[in-house]
Each structure stands twice: as C-alpha cells, then as structure tokens.
There are 2 protein chains.
Amino acid sequence: MEKTPENCQVEDALGILVGKWKPVILLYLLQEGTKRFSELKRKMPGITQKMLTKQLRELEDEDIIQRVVYAQVPPKVEYSMTEYGRSLEPVLDAMHDWGAKHTVRKVVKADQVKSS
Amino acid sequence: MEKTPENCQVEDALGILVGKWKPVILLYLLQEGTKRFSELKRKMPGITQKMLTKQLRELEDEDIIQRVVYAQVPPKVEYSMTEYGRSLEPVLDAMHDWGAKHTVRKVVKADQVKSS
DNA sequence: CCCCTAAGTATCTTTTTGTATACTATACCA
DNA sequence: TGGTATAGTATACAAAAAGATACTTAGGGG
C-alpha cells in the first residue's frame, strides 16, 4: 500500500503501543519469554496493580499477548506474546534503535523570522 | 546499546510520536515538504486550531520540526522537518509497514485455564 | 485460628488530552 | 467603510488516562 498521510496506518501500530507501560511489557515478553503477573510487576516498580492489569488486558484484547490461568491457589497467571504480537518486533526494534542513537532533545529557541 | 527492557529507549520515540495528530503531521511534512499552518489545517479536517498549534509546538520543542515566521500580514508561518526529525523516518516507516500488513484485531476470548 | 501469597476488583481523585467557541491584529480589496 | 484572510490566544468544559488505596478469594503453614 502507498504511504500517504491520508491512509495513515501509522496510527494503528501507535494505538497498540501507546500506554505508559506497554512497550516495556512487550519488550520483557519478547526478550525473556513467558512471565507471570507478579514477575512483571516486580520488574516495573512504580506501576500499580490496576495499571498492569489494564495494560495487559488491552494487549490481550488486541491479540498481542496471551493469558493463561492455572487453576490453583494462590493464583498463577502467565503472559506471553502471540504470533501476531511478535510481528510488532520490527516496530519496537526501530523505535529502540532510534532511541539508542538519539537522545531526546528539549529545545528552547527563538522564532525564526523572515522579512520577505 | 543492548536491547533490554530496563533501558527502554522505545519510550523516547513513542513519546515524540504520541498525540492524536502527530504522526499525520509528520507524514505530511516528510512526504510533501514544507507546509503552512493553514495548509496543514485544511489537510486535517476535524483538528481544531488549538490542537494543531499545540501539536506543532510540541514537535518544535523537541526539535523535530522547524517553524519559520514571515513578517507580513496576514501572517505566514511555515513548518518543515529538521534533520533530526527526518531521523524518525525509519520508525514511522516500520509502523506504517506494520499497519499496512496487519489489520488491527479486536478479540474476545475465553480464559485459557490449565489444571496443573 | 490467623496470616501469607497471587492476581486480581472496586472506588475515588488527580492529571493529561482533547473539544468548542469566541476573540485578536492588520494589511489588502471592493 | 466594511469584509476577508492568517495564525494564532483565551477560556471553559468534557473525556480519557493514570495513580492511590482498600478489599477479595482460598489453600497452605505455623
């Protein structure tokens, strides 16, 4: 498909990746494989249980990750990437590469005025 | 640099690209070059003036786009990508490619329970 | 009997984003 | 003299995302 701003497919990938914690969750699952809820939580100090649950649910709803519940007490729930989810790897890679090369800038600049 | 979730550079690129209209603005500027404020606005029916201004300001603050004001009345202001901004092209491409190949899914699925 | 654990829910509040509308300045045109 | 065009700002409001805190469930250990 043609790359025009009108059929902006960029939004789709963006929609999936947006969420304060989603990229981190995806990187963990991509690089370290299946993880339990509590393992993810430990890896991300600062995230609340509610937030982690919500992000995971959203990723699951979009078929990016898979959730498997073990019928035991205390509960055990494992999360892993789906095949479909793995297709996002190039996107995450491109973003990671960019981030690694470019430090984010914060610029304060004066207006550039042309007299023409 | 190593790709670990801990040094999650993915967030940086994401931070820049997030905003309901930013990807579209960037695609326009990347593919069609310098654009005036009013041209961008016409291209994006639905965006309010305030929002367009805000998105442009944020992109400018991060040195992704450049703003040039012409000292004339009625005002003329032109926006274009910076060199730095152009470095985001591979990221936008990766997202676009993904979006073109994969329709976004919305899945409703029952829990997968394992008895072990 | 009581506490611990794991993976959540349920509420409530705060912060961030986005929308809607109205208003401004000033040269040019009829 | 009044209307048009451009690139905004100001204000108020609505909606979405994020954060804080407390509560739940049920088996196992002491």
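Here is a chat about a predicted model with two protein chains and two DNA strands, A and B being the protein and C and D the DNA.

Biologist: Before we start, what should I know about the numbering and about which parts of this predicted model count?
Modeller: Residues are numbered from 1 along each chain as its sequence is written, while chains are lettered from A and ligands numbered from 1 in the order in which they are written. Side-chain values use heavy atoms, with hydrogens and water left out, and as the model is predicted, local features need pLDDT of at least 70, side-chain atom pairs count only at pLDDT 80 or more, and totals for chains, interfaces and linings use all residues.

Biologist: How many residues does each protein chain bring to the contact?
Modeller: Contact here means heavy atoms within 4.5 Å. By that rule, chain A and chain B bring 63 residues and 62 residues, in that order.

Biologist: What area is buried between chain A and chain B?
Modeller: The size of an interface is often given as the accessible area lost when the parts come together. Buried area is just that loss, taken with a 1.4 Å probe and summed over both parts. Carbon and sulfur atoms give 59% of it here, and the total is about 5900 Å².

Biologist: Which residue of chain B forms a salt bridge with A:Glu62?
Modeller: A salt bridge needs a side-chain nitrogen of Lys or Arg within 4 Å of a carboxyl oxygen of Asp or Glu. The rule finds 4 of them across the interface of chain A and chain B. For A:Glu62 the closest N and O atoms are 4.0 Å apart, and the partner is B:Lys106.

Biologist: Which element of chain A gives the most to the side that touches chain B?
Modeller: Helices (H or I, at least four residues) and strands (E, at least two) are DSSP runs, numbered from the N terminus. Several elements give two or more residues to that side, including helix 1 (10–17), helix 2 (22–32) and helix 4 (49–61) of chain A. The top giver, with 11 residues, is helix 6 of chain A.

Biologist: Which residue of chain B stands opposite A:Val69?
Modeller: Two strands pair if DSSP finds at least two bridges between them. Strand 2 of chain A and strand 4 (residues 112–114) of chain B run parallel and are joined by 3 bridges. Opposite A:Val69, in strand 4 of chain B, stands B:Val113.

Biologist: Why do strand 4 of chain A and strand 1 of chain B each have one side without a neighbour in the sheet?
Modeller: Four strands make an open sheet with mixed pairing, in the order 4(A)-2(B)-3(B)-1(B). Strand 4 of chain A and strand 1 (35–36) of chain B stand at the edges, so each has a single partner strand. For strand 4 of chain A, that partner, joined by 3 parallel bridges, is strand 2 (residues 65–70) of chain B.

Biologist: What is the bridge partner of A:Lys114?
Modeller: Look in strand 2 of chain B. The partner there is B:Tyr70.

Biologist: On to the DNA: how far is the side chain of A:Lys20 from a phosphate oxygen of DNA strand D?
Modeller: A residue is near a strand if one of its heavy atoms lies within 4 Å of it. There are 22 residues around DNA strand D, and A:Lys20 is among those that come nearest. From a polar side-chain atom of A:Lys20 to the phosphate oxygen, the distance is 2.6 Å.

Biologist: What share of the DNA strand D atoms within 4 Å of the protein belongs to sugar or phosphate?
Modeller: One phosphate oxygen is 2.8 Å from an N or O atom in the side chain of B:Tyr79, and another contact puts a backbone N or O atom of B:Val77 3.1 Å from a phosphate oxygen. The rest of the close atoms belong to bases, and the sugar or phosphate share is 63%.

Biologist: Which element gives the most to the surface near DNA strand C?
Modeller: DNA strand C is surrounded by 19 residues, A:Ser38 being one of the closest. The side chain of A:Ser38 has an N or O atom 2.7 Å from a phosphate oxygen, while that of A:Lys50 has one 3.5 Å from a base oxygen. With 4 residues, the top giver is helix 4 of chain A.

Biologist: How many residues apart in helix 4 of chain A are A:Lys54 and A:Glu58?
Modeller: These two form a salt bridge, with the closest N and O atoms 3.8 Å apart. They are separated by about one helical turn, because their spacing in the helix is 4 residues.

Conventions: Buried area = accessible area lost by both parts, 1.4 Å probe. Polar contact = N/O pair within 3.5 Å; in protein donor to acceptor, adjacent residues only side chain to side chain.
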